Amino acid sequence: MKISIIGAGAFGLAISKMFYKNNNDIYLWSKFKEETDKLRENNKFMNIDLPKDYIYTNDLGECISNSDLIVIALPVAFINDTIMNIINVYD
């Protein structure tokens with residue numbers, strides 16, 4: 001199953017590890033390119049190893065296309081704008 005996690009912070013990464021343990025493909029989206037670059041290069045977050053086959057992206061369309069499940073793991077202040085962007089991807 002393809003699971004897209006919108007938000008690559010602590011909450012998104014914690015949820016992603018639970019889904020990954022059940023043999024799902026994980027796509028992680030962040031608005032911030034430097035965040036996804038850092039995760040992609042190091043595969044670590046706060047000294048926690050992350051699976052090497054995660055897909056990190058700043059492209060919302062790539063992240064959510066053909067997803068079986070989309071999980072929103074963002075701070076409240078960013079949810080409205082991000083949901084509007086998701087709606088625009090599907091229009």
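**Reading a predicted fold: a short dialogue**

Author: The protein chain has four helices and six strands. Keep in mind that this is a predicted model.

Reader: In what order do the helices and strands come along the sequence?

Author: Read from the start of the chain, the pattern is β-α-β-α-β-β-β-α-β-α.

Reader: How do I judge whether the chain is compact or extended?

Author: Compare the radius of gyration with the globule rule. Here the radius is 12 Å, close to the 12 Å that the rule gives for 91 residues, so the chain is as compact as a globular protein of that length. For the extents, use the principal axes: the C-alpha atoms fill a box of roughly 35 × 25 × 20 Å.

Reader: What share of the contacts joins residues far apart in sequence?

Author: Take the contacts with a separation of 6 or more. Residues 24 or more positions apart account for 62% of them.

Reader: And what share of the residues is buried?

Author: Buried means under 20% relative accessible area. Of the 91 residues, 37% count as buried. On the outside, the chain exposes about 5800 Å², and carbon and sulfur atoms supply 56% of that.

Reader: Which residues touch the most other members of the largest nonpolar core?

Author: A core is a set of buried nonpolar residues joined through side-chain atoms. The largest one has 13 residues. Ile5, Ile26, Leu28, Leu39, Leu50, Tyr54 and Tyr56 touch the most other members. Strand 1 (2-6), helix 1 (10-21) and strand 2 (25-29) each supply at least two residues of this core.

Reader: What lies apart from that core?

Author: Another core, of eight residues. Tyr27, Cys63, Leu74 and Ile86 are among them.

Reader: Let me try a single residue. Why does Ile3 count as buried?

Author: Because its relative accessibility is 1%, and the cut-off for buried is under 20%. Ile3 sits in strand 1. Next, list its contacts, leaving out residues up to four places away in sequence. Ile3 then touches Phe19, Asn24, Asp25, Ile26, Tyr27, Leu69 and Val71.

Reader: How far is Ile3 from Cys63 in space?

Author: The C-alpha atoms are 8.9 Å apart. In sequence, Ile3 and Cys63 are 60 residues apart.

Reader: Now backbone angles. Which residue between helix 1 and strand 2 should I look at?

Author: Look for a positive phi in a residue that is not a glycine. Asn23 is such a case, with phi about 60°. Asn23 lies in the loop between helix 1 and strand 2. At 71% relative accessibility, Asn23 counts as exposed, because the cut-off is over 50%.

Reader: What is the phi of Asn66?

Author: Near 60°, a positive value in a residue other than glycine. Asn66 belongs to the loop between helix 3 (60-64) and strand 6. Asn66 is exposed, with a relative accessible area of 71%.

Reader: Last, the surface. Which residues form the nonpolar patch?

Author: For a patch, look for nonpolar side chains on the surface. Here Ile70, Ile72, Ile83, Met84, Ile87, Val89 and Tyr90 form one, with about 560 Å² of accessible area together. Strand 6 (69-72) and helix 4 (76-90) are the elements that give two or more residues to the patch.

Reader: Which element gives the most?

Author: Helix 4, with five residues. Met84 is found in helix 4.

Reader: Why is Met84 called partly exposed, not buried or exposed?

Author: Because its relative accessible area is 43%. Partly exposed lies between the cut-offs of 20% and 50%.

Conventions:
Residues numbered from 1 in each chain as written. Predicted model: local features only at pLDDT ≥ 70, side-chain atom pairs only at ≥ 80, totals over all residues. Heavy atoms only, no water. Patch = residues over 30% accessible without salt bridge, like charges linked within 9 Å, V, L, I, M, F, W, Y side chains within 5 Å. Areas by Shrake-Rupley, 256 points an atom, 1.4 Å probe, with all protein chains shown as cover. Salt bridge = Lys/Arg side-chain N within 4 Å of Asp/Glu carboxyl O. Buried < 20%, exposed > 50% of the residue type's maximum accessible area, 1.4 Å probe, protein only. Rg over C-alpha atoms; globule rule 2.2 N^0.38 Å. Contact = heavy atoms within 4.5 Å. Core = buried A, V, L, I, M, F, W, Y, C linked by side-chain atoms within 4.5 Å.
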